[in-house]
Amino acid sequence: MVLNAAALLPGHPRGFGAGVYFTVVVCLSVRSRLFGGVLSSIREDMSGQKPSLRSGDSAQSRFQVDVVTEGSPAAPAPVPAPTQAPAPASTDGSKPPEDSKGRFRVVGFMDPGALGSAMDIGLPPDVSHEPDTARSDSVSLHSTGTGHTHISDSHSNTYYMRTFGHNTIDAVPNIDFYRQTAAPFGEKLSRPSLSELHDELDKEPFEDGLANGDEPSAAEEAAALAAKEGKGGTVKFGWVKGVLVRCMLNIWGVMLFIRMSWIVGQAGIGLTIAIILMASVVTTITGLSTSAIATNGFVRGGGAYYLISRSLGPEFGGSIGLIFAFANAVAVAMYVVGFAETVVEMLNDVDALMTDELNDIRIVGTLTIILLLGISVAGMEWEAKAQIVLLVILLAAIVNYFIGSFMSTESKEPKGFFGYNTAIFIENLGPDFRDDETFFSVFAIFFPAATGILAGANISGDLTDPQSAIPKGTLLAILITGITYVFVAISAGSCVVRDATGDHNDTVSDTVNCTDAACTLGYDFSICKEGGCQFGLMNDFQVMSLVSGFGPLISAGIFSATLSSALASLVSAPKVFQALCKDNIYPGLGVFAKGYGKNNEPLRGYVLTFCIGLAFILIAELNIIAPIISNFFLASYALINFSVFHASLANSPGWRPSFKYYNMWVSLAGAILCCVVMFVINWWAALVTLLIVLALYIYVSYKKPDVNWGSSTQALIYNQALTHCLNLTGVEDHVKNFRPQCLVLTGYPSSRPALLQLVHSFTKNVGLMVCGHIRTVTRRPNFKELSQDHARCQRWLNKKRIKAFYTTVFSDNLRHGTQFLLQAVGLGRLKPNTLVMGFKNNWSDGDMRDVEIYINTIHDAFDLQFGVVILRLQDALDVSHIQGQDELLSSHEKPPIGSKEVVVSVILPKDSDFDSCPSKTTGNQSSPLIMRETKSPLSLTDQRLLETSQQFKKKQGKGTIDVWWLFDDGGLTLLIPFLLTNRSKWGDCRIRVFIGGKINRIDHDRRAMAMLLSRFRIDFSDIHVLGDINTKPKKHNKLTFKELIEPYRLKEDDMEQEAAERLKAQEPWRITDNELELYKAKTNRQIRLNELLKEHSNAAKLIVMSMPLARKGTVSSALYMCWLETLTKDVPPLLLVRGNHQSVLTFYS
C-alpha cells in the first residue's frame, strides 16, 4: 500500500493553497518484507530510539527523509510537523542531501504519526494512512507540476501507484529476464540480484537506471517502437511461404517426372508404394524429431546445424554443420547440371547445340547458377517470390499429368499409354526386376527424392515463428508429397504397360499366342522381350510427358523442380555455413560469419557456395559425388533423430519440447533406419561419410571450443556421474581398490606449482584430487568475487590439463578451514582420504601461534583418519608473490611484485591465505589504492625459487626415488612412489627402499623385505637395511638442535611453578624440560636420520619418508616442528608420508 500526501499552501480550490508545496511520500508496505523492515527501522531512528540505519543526514544513506521542493522558486513556507519527528527540511535554499546512487530514490520515509490524521491534510474520510488498512490501496493522492492536487483511483492513474511488482525493488516475472544477450526479438533485462534484495542497506548494490520491472512511460514505448520501425523491419516468412513451399519444392524433384515411372515398372505398384512408405517413414520420424527440437526453445538461423549442435553439443554439430553446408553447395551443382542436361537434350533434338554436349552442359549450367546467385543476393524476399512462381509451374505440371491420364488417344497406344485399365493395373501390381536391379537398388534410386525436408528448417533465422512454422510446414509437406508420389505410382501403373514398341502395326494377330495386358487391348509387344523397345514404363523416362495433356508443361515442371531445388540449396548452404562460422567452431572461418543488410545476408557465403557449385558444374560428372551428397543429408537426419533420443535419455529438466508427438525409441529407430539406408544407397559412400564425420568430430573434440549450449551430452554425463556415485555408495571399500584421494592445500592452484604437479603425478587417472583454498578474511565474503575466483581457478586447472577440482572456504585460520574441508569435501565414495600440505618453511620467523595452528591441523587430519603427506623443498613452495606467477588473477586484482608501490592513505582489509601466502585483495579494494611504478628485475632468490617450483613439471630422467619406509603405516609410503614411477615423467627413476634393522640381522631383514615387495608386485632396484639408526648423532648436530629449540623452551626451573603454569597455559607450544627429557631418544633419532639422509640420499630425485608422529597433548607444537625441521633440513625434495594405518596394499588376488 502506498499513501501519497501533499501539503499545499492556503488558496487551493479544494481548500488548500496554491504555489510552492512540499510532497512527502510515505511508503507503508504491508506485502513487501523488505520495505516493512526498512520502515520499522526508520521509525526507530526518527523517534529517537536505537537506530538500525545510518542517520538521515548522511550522504551515504539510501533511505532518508528528504523534502523535495516543486513548483515556484519562491522561498518555501514552513510546514507544520509534529515535534516528536521533525522532518529535516532545507530552509536556506541549500540543496538537500543526495541519496546514494541507485535505480530510484526513496523519499520521505517517516512515522505515519508525523502526518497527522487523514482529515488534517484534507484526505477524504475513507482514505486511511495506517499501514494495515487495505482500503487505501484503491485511492491515491498526488501532485501535478501545476500546484494542483488530485485524488484519483490507483487503477486508473499510475503516476505513483503502479501495477503490483512495479513499485518494488523485487521484479515480477518477465520474459526479457530470460533472453540471451544476443536475443533478436527483444532486449535482455537483468532482474535484481539476490545481493540487491538481501544485502545490508548501507551497501550500494544498484546501478544507475530504471529498476528492474519498472514500467516505461507511454512516450518511452512510442520512441522505442519508432526507432525499431525506423531501422526497417527484416523480412520474415510464415509457415506456408517459409517452410511448406520450400519443402514441397525440394521433395518434388526431377525424380517425380523422369524416374517414377521406371521405378513402377521395375518394382510394380505394390513394392513402389512400399518404397514410398519406407522413405516416408524415415522422413516422417525425422520430421517429428525436428519438430521436437525446434519447439524446445527459441530457434535461430543455421537449420540442421543449429538443431544438432544445441542438442548434442559442438562436436557433433560442428562435424555435421560443415558437411551439411558442403552437401548443400554441391547439391546446387547437381540440380543445375540436371537442368542443363534437359536443356541440352532439347537443343540436341532440334540440332541446335553450341559446341558439344559436355561443353554445352557447362555453358548452360554456368549461366544458370549466375542467374540463381543474382536472385539469392537480391534478398530473401526475391528468392521467396521466385520459389512461389516455380511452385505454381510445378503444381501445374502435376495437375497436367493427372488430367492427361484420363485423356487417352489412339496415337499414344503404340507407345504403351491406354488410359486406366484393370488388366494393366493387375499386370503392373507385382515386380519385374531387370538388368540386375533389386528392391534395395530401386529404393536407393528413389530415396533421394524424399529428402529435402530440412529446406524450411535451414532458413530458421528468417522465419517469423520457427517453433510453430517448422513442425507444421515440414510434416504437412511430407504428407502432401508422399500422397502425390503414391497417386503418381498408382496412376502410371494403371494406364501404361511396361514395354511398347511405338509401332502402330504391332497389333494382335490370330496366329500369335498373346496373354499380357497389351494383347487384351489389341497390341502385341511380345517382341520387346528380346530387347530394343524404346517405350513403356521400363524403357521411356519421359512417360509423364507422354501421359500429360500438354507435354511441354512437363518439361517446364522438370525445369521448375531442378531450379527450385538448386535455389533452395543455394540459400541453405550459406545460411548454415554462416551460423557455423558465427560459433567459431573452426578457427579461420570467422570471415564468413559477417552478414549484410536488414536480413543479415551472408553475401560472402553466397560467393563461396557459388564457387563450389561452379567448380562441380565444370566437372559435369556427378555420378560419383551424388551418392556421397545423399549420405551427407542422411547423416544429418540420423543425428537429428539421435538428438531427440539422447535428450530424452538424459532426462534433463531443460528438455521440454512443446511438440509432444514424439517418442525417444521411435527417434532411435529413425536414426538406425537412416544409417541402414545410407548403406543401402551406397555402402562405400556411407563409409566415406562416417569417416569424415568421425574425423571432424575428433578434431572439434581436440580443439574444445569455448562454448556452452547446455547440450544433452552434458546432461547425460551428469546423469551417469550421479548414477555411478550413488552406485559406489553401496559398495564397501576394498584394499585392492584403494586410491590416494588427496585434498591438497594449495591456496590458489598457481601459487604452489611444485606441490600441485607432484600430487597430480600420482593421482592423474588414478584418484581424486581437490585443491583446497582457505581464505582468512576480516570482511564478509562477496559471492560474486567468490564465484569468479572459483571459475578462474577451475578454468586454469583445465587449461593446464590438471585433473583436479578447486574449492575454497572462508575461515578465521588454517586449522578451522582445514576442518571444514576435511569434513565437507567429497561426494559419497569420491571423498578425500589423504591431506597433502606444504612444509611451513618460515615457521621460525613468524608467530608461534601459527605453528600451533599448523601442527594442530595435522593432528585434526589424523583424528579424522586421514593420511597426511607433507612436501618440503629447500627453496619453499609459494611463488604467488613473484610477478606473473599468479595467472589466475587479473592485473587489477593482484599487484605485480617487483614494482614499486606507493600506497595511498587507506588501509586495506586483510584477506590472507594460509601458510605464508601473501595477502590478496579484490579488485575493488586494490585498484584505487595502489599506484605502481616501473618494474625491477627478479632477485636471485626469486629466480631460484621459480626454477625449483617447476622441477616436477619436466621429465626427471634417470635417478632414484628413495623410500625410507621406517614405520608401517598401511603401505601408503610405498604406494605413492610406485604410482609415480608409472608416469612417463618418472618412468626412468628406480625405487630404492631403506628400512631399519639390527646389525646382526641385515641379510635376513633384506630378504624379508624383498619377499614382501615381490608379493606386492612392486619393482625395486635395491634394499638398504640401516642398522645404525639408533647410534648417537654427531655433537655439532645436537648443538644445532639445541640452539633451534632454545627460544621455544619454557625453562620452568628458572621461575616459580605458578608463573610457569600460567605461561604454559598462555603459550601451550612451549617446550618443557620434562618433555625434552622424555623424548630425548626420539629427538636424537630425528637428528641421526637427517645425517643418514645426507649420506645415502643426497643425489635422489625424490625422498619419500615415513613421517614421525607426535602424541597429541604430550608433545608440544614447537618440539614437533623442530623435529620436522631437523629431519628434513638440507636434503633433496622430501615427501613426509603417514597413512591412516589401514592397509592400502595387498598380495591377495
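**Exercise 1. Pro753 and its surroundings**

Determine which residues Pro753 touches in this predicted model, leaving out those up to four places away in sequence.

Solution. Step 1: list the contacts. Pro753 touches Leu877, Val879, Ser949 and Gln950 once residues up to four places away in sequence are not counted.

Step 2: place the residue. Pro753 lies in helix 22.

Step 3: classify the exposure. The relative accessibility of Pro753 is 9%, and buried means under 20%, so Pro753 counts as buried.

Step 4: add a separation along the chain. Gln951 is 198 residues from Pro753 in sequence, and the two C-alpha atoms are separated by 9.3 Å.

**Exercise 2. The setting of helix 22**

Decide how far helix 22 (residues 753-763) is enclosed by the rest of the structure, and state which residue with a positive phi follows helix 22.

Solution. Step 1: count the buried residues. In helix 22, 11 of the 11 residues are buried.

Step 2: name them. The buried residues are Pro753, Ala754, Leu755, Leu756, Gln757, Leu758, Val759, His760, Ser761, Phe762 and Thr763.

Step 3: conclude. Because 11 of the 11 residues are buried, helix 22 is largely enclosed by the rest of the structure.

Step 4: look beyond the helix. Asn765 follows helix 22 and has a positive phi, near 60°.

**Exercise 3. Two buried leucines**

For Leu873 and then for Leu821, establish the location, the exposure class and the contacts.

Solution. Step 1: locate Leu873. Leu873 sits in the loop between strand 12 (867-872) and strand 13 (899-903).

Step 2: classify Leu873. With a relative accessible area of 2%, Leu873 is buried.

Step 3: find the partners of Leu873. Setting aside neighbours within four places in sequence, Leu873 is in contact with Ala754, Asn841, Thr948, Gln951, Phe952 and Pro1133. One of these, Ala754, is among the buried residues of helix 22. The C-alpha atoms of Leu873 and Leu945 are separated by 9.6 Å, with their positions 72 residues apart along the chain.

Step 4: repeat for Leu821. Leu821 belongs to helix 24 (residues 814-824), and at 2% relative accessibility Leu821 counts as buried.

Step 5: find the partners of Leu821. Not counting residues up to four places away in sequence, Leu821 touches Leu743, Leu745, Gly772, His773, Ile774, Thr807 and Val809. From Leu821 to Leu743 the C-alpha distance is 8.1 Å, although the two are 78 residues apart in sequence.

**Exercise 4. Helix 8 against helix 20**

Describe the packing of helix 8 (residues 314-349) and helix 20 (residues 683-703).

Solution. Step 1: choose the descriptors. Two packed helices are described by the angle between their axes and the distance between the axes.

Step 2: apply them. The axes of helix 8 and helix 20 come within 8 Å and cross at roughly 130°. That angle makes helix 8 oblique to helix 20.

Step 3: give the handedness. The crossing of helix 8 past helix 20 is right-handed.

Step 4: list the contact residues. From helix 8, Pro314, Glu315, Phe316, Ser319, Ile320, Leu322 and Ile323 meet Ile692, Val693, Leu696, Tyr697, Val700 and Ser701 in helix 20.

Step 5: sort them by class. The contact of helix 8 with helix 20 has 10 nonpolar, 2 polar and 1 charged residues.

**Exercise 5. Helix 9 against helix 16**

Carry out the corresponding description for helix 9 (residues 357-377) and helix 16 (residues 551-582).

Solution. Step 1: state angle and distance. Helix 9 and helix 16 pack at an angle of about 55°, and their axes are 10 Å apart. Helix 9 is therefore oblique to helix 16.

Step 2: give the handedness. Helix 9 passes helix 16 in a right-handed crossing.

Step 3: list the contact residues. Helix 9 contributes Thr368, Leu372, Leu373, Ile375 and Ser376, while helix 16 contributes Leu563, Ala566, Leu567, Leu570 and Val571.

Step 4: sort them by class. The contact of helix 9 with helix 16 has 8 nonpolar, 2 polar and no charged residues.

**Exercise 6. Positive phi in two loops**

Are Asn651 and Arg1017 buried or exposed, and in which loops do they lie?

Solution. Step 1: consider Asn651. Asn651 is not a glycine, yet its phi is positive at about 55°. Asn651 lies in the loop between helix 18 (625-650) and helix 19 (664-681), and is exposed, with a relative accessible area of 61%.

Step 2: consider Arg1017. Arg1017, also not a glycine, has a positive phi of about 60°. Arg1017 lies in the loop between helix 29 (1002-1015) and strand 18 (1022-1026), and is exposed at a relative accessible area of 55%.

Methods: Residues are numbered from 1 along each chain as its sequence is written. This is a predicted model: local features need pLDDT of at least 70, side-chain atom pairs count only at pLDDT 80 or more; totals for chains, interfaces and linings use all residues. Side-chain values use heavy atoms; hydrogens and water are left out. Buried means under 20% relative accessible area, exposed over 50%, partly exposed in between (1.4 Å probe, protein chains only). Helices (H or I, at least four residues) and strands (E, at least two) are DSSP runs, numbered from the N terminus. Axes are lines fitted to C-alpha atoms, for helices over the stretch in contact, and angles run from 0 to 180 degrees between N-to-C directions. Angles under 35 degrees count as roughly parallel, over 145 as roughly antiparallel, 65 to 115 as roughly perpendicular and the rest as oblique. A crossing is left-handed if the near helix is turned anticlockwise from the far one by less than a right angle, and right-handed if clockwise. Contact means heavy atoms within 4.5 Å. Ala, Val, Leu, Ile, Met, Phe, Trp, Tyr, Cys and Pro count as nonpolar, Asp, Glu, Lys and Arg as charged, and the others, Gly among them, as polar.
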